[in-house]
Amino acid sequence: MTAVKITLEIVVVLLSCLLTLLILMHKGKGGGLSDMFGGGLTQNAGTSGVAEKNLNRWTVIIALLWVAIIIALGLLSKFGLI
């Protein structure tokens with residue numbers, strides 16, 4: 001069962017990196033840290049509506065997978081299966 005634990009932990013690390021990249025790709029809504037680093041200058045050069053919707057979908061899917069694996073790892077360790 002340790003192979004399952006190691007595999008799930010590796011998947012969590014990979015999903016964490018991917019989720020971070022997906023979140024950073026989102027267009028800034030203004031008024032936050034994105035304006036401080038030049039996000040306000042690229043307001044008109046944002047992505048199209050379809051691309052933004054797809055980015056949102058992928059972000060939500062990856063986040064749900066990440067949460068599910070974290071919960072699975074917690075339950076497996078709680079019941080002593082790994």
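A residue counts as buried under 20% relative accessible area, as exposed over 50%, and as partly exposed in between. Keep that in mind for what follows, and note that this is a predicted model.

**Helix 3 in outline**

Let's start with the helix itself. Helix 3 covers residues 49-78, which makes 30 residues. At 1.5 Å a residue it should span 44 Å, and its end C-alpha atoms sit 43 Å apart, so the two values agree. After the helix comes G80, with a positive phi near 70 degrees.

**Two residues, two settings**

Both V67 and T59 belong to helix 3, and here is how their accessibility works out.

| Residue | Relative accessible area | Class |
|---|---|---|
| V67 | 38% | partly exposed |
| T59 | 11% | buried |

V67 gets its label because 38% falls between the 20% and 50% cut-offs. T59, at 11%, is under the 20% limit, so it is buried.

**The buried side**

T59 has company: E52, L55, I62, I69, L73 and L76 are also buried in helix 3. What do the buried residues of helix 3 pack against? Their partner is helix 1 (2-25). Zooming in on T59, and leaving out residues up to four places away in sequence, its contacts are L19, L22, I23 and H26. The T59 side chain also reaches back to the backbone oxygen of L55, at 2.7 Å.

**The surface patch**

V67 is part of a nonpolar patch on the surface, together with W66, I70, I71, L75, F79 and L81. Taken together, the patch residues have about 640 Å² of accessible area.

Methods:
Residues numbered from 1 in each chain as written. Predicted model: local features only at pLDDT ≥ 70, side-chain atom pairs only at ≥ 80, totals over all residues. Heavy atoms only, no water. Helix = DSSP H or I, 4+ residues; strand = E, 2+ residues; numbered from the N terminus. Expected span 1.5 Å × (residues − 1). Buried < 20%, exposed > 50% of the residue type's maximum accessible area, 1.4 Å probe, protein only. Contact = heavy atoms within 4.5 Å. Patch = residues over 30% accessible without salt bridge, like charges linked within 9 Å, V, L, I, M, F, W, Y side chains within 5 Å. Areas by Shrake-Rupley, 256 points an atom, 1.4 Å probe, with all protein chains shown as cover. Salt bridge = Lys/Arg side-chain N within 4 Å of Asp/Glu carboxyl O. Polar contact = N/O pair within 3.5 Å; in protein donor to acceptor, adjacent residues only side chain to side chain.
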